[in-house]
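The following note sets out some points on the model for a colleague's consideration. The points are numbered for ease of reply.

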Amino acid sequence: MSRADAQRGMPGGARPPHRGEGAELTGRGLFLALEGVEGAGKTTQLRLLGEWMASRELPHTLAREPGGTPVGEAIRRVLLDSGALDVPPRTELLLMLAARSAFVRGVVRPALERGEVMVSDRFELSTFAYQGGGRGLDREEIRALNRFATEGVRPDLTLLFDLPVAAGIARQRESGKTRDRIEREAGDFQERVRAAYLQMAEADPSVIVVDAASSPGAVHERVRELLAARFPEPFAPSRG
């Protein structure tokens, strides 16, 4: 399938991010992040967005986070796939940020320097939502550590796919998806995560909330509209 590794629950080991080829963008590339609660459909939207950009011959890189690099994938296996491990909240945070540091250095910066559209399935907002809102860690401490890990690199736009927690869990059950360590957390944890996401979106104009309750196709159409409005180049409708 023509796509990147995507966050949470996707099979496979450390694979290189998918790169779409085509005409070069002018200047620095564009960094987009896709966020959301479990089952909100962001991984599907990553795939659809990649297919759309490929049809427009728009250079792009798609990747998941944590992951995207050998060290990031190794950390991912510890964080998500090792259900028997008891990972304390601070340890979880530091592991996430270690993977992010490698991700920024090995995937994000190179894609932006090539002038591509870099799309990440999760990035820093997940840390504030899950380790901050969900685990209750201090947000200012997270902010300082995250800034160190990212070297100040931030998405130009974050699309937050919002869905009630119960609906997201039901989607995962219906699909037969095997839930990872964090996805198996109790519903009150997931509710805190969603509340944190929405609170941050309200305070940050670079985060746009997308209603994820509709069909994947309808949500994708909304994503295309939002991108065309925010970034006429390279996403103007006249291009395809």
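1. The buried residues of α4 make contacts with β2, α3, α5, β5 (157-162), α7 and β6 (207-211). This is a predicted model. Because 11 of the 11 residues of α4 are buried, the helix is largely enclosed by the rest of the structure. Among those buried residues are Glu124, Phe128, Tyr130 and Gln131, together with Gly132, Gly133 and Gly134. Just after α4, Gly136 adopts a positive phi of about 85°.

2. Helix α3 is one of the elements against which α4 packs. The 25 residues of α3 (residues 89-113) should span 36 Å at 1.5 Å a residue, and the end C-alpha atoms are 34 Å apart, which agrees. The helix nevertheless contains a kink of about 45°, centred on Val104. Val104 itself is buried, as are Phe103, Val107 and Val108, among others in α3. The buried set also includes the charged residues Glu92 and Arg100. Partners of the buried residues of α3 are β2 (30-36), β3 (60-64), α2 (70-81), β4 (117-121), α4 and α5. After α3 comes Gly115, with a positive phi near 80°.

3. Which helices each supply at least two residues of the lining of the second largest pocket? They are α4 (124-134), α5 (139-150) and α7 (187-203). The largest share, 5 residues, comes from α5. The pocket has a volume of about 250 Å³ and is lined by 13 residues. Nearest its centre lie Glu124, Phe128, Arg143, Arg154 and Asp204; of these, Glu124 and Phe128 are also listed as buried in α4. By class, the lining comprises 4 nonpolar, 3 polar and 6 charged residues.

4. Helix α7 also contains Gln199. Is this residue buried or partly exposed? Its relative accessibility is 48%, so Gln199 counts as partly exposed; the cut-off for exposed is over 50%. Gln199 and Gly133 are 66 residues apart in sequence, yet their C-alpha atoms are 9.9 Å apart in space. Gly133 is one of the buried residues of α4.

5. Several backbone features merit inspection. Most residues other than glycine have a negative phi, and most peptide bonds are trans. A cis peptide bond joins Glu65 and Pro66, with omega about 5°; Pro66 is located in the loop between β3 and α2. Another cis peptide bond joins Glu233 and Pro234, where omega is about 20°. Pro234 belongs to helix α9 (residues 232-235).

6. Two residues that are not glycine have a positive phi: Glu57, at about 55°, and Glu151, near 55°. Glu57 is in the loop between α1 (42-55) and β3, whereas Glu151 is in the loop between α5 and β5. With a relative accessibility of 54%, Glu57 counts as exposed. Glu151, at 35%, counts as partly exposed.

7. Finally, the chain as a whole. It has 9 helices and 6 strands, and 54% of its 240 residues count as buried. Among contacts with a separation of 6 or more, 83% are accounted for by residues 24 or more positions apart.

Note on methods:
Residues are numbered from 1 along each chain as its sequence is written. This is a predicted model: local features need pLDDT of at least 70, side-chain atom pairs count only at pLDDT 80 or more; totals for chains, interfaces and linings use all residues. Side-chain values use heavy atoms; hydrogens and water are left out. On a 1 Å grid over the protein atoms alone, a cavity is a set of points where a 1.4 Å probe fits but cannot get out, and a pocket is an open set with protein on both sides within 12 Å along at least five of seven lines; lining residues have an atom within 4 Å of a point. Grid points are joined across faces, edges and corners, and a volume is the space filled by probe spheres set on the points. Helices (H or I, at least four residues) and strands (E, at least two) are DSSP runs, numbered from the N terminus. The expected span of a helix is 1.5 Å times one less than its number of residues. The bend at a residue is the angle between axes fitted to the seven residues ending there and the seven starting there. Buried means under 20% relative accessible area, exposed over 50%, partly exposed in between (1.4 Å probe, protein chains only). Contact means heavy atoms within 4.5 Å.
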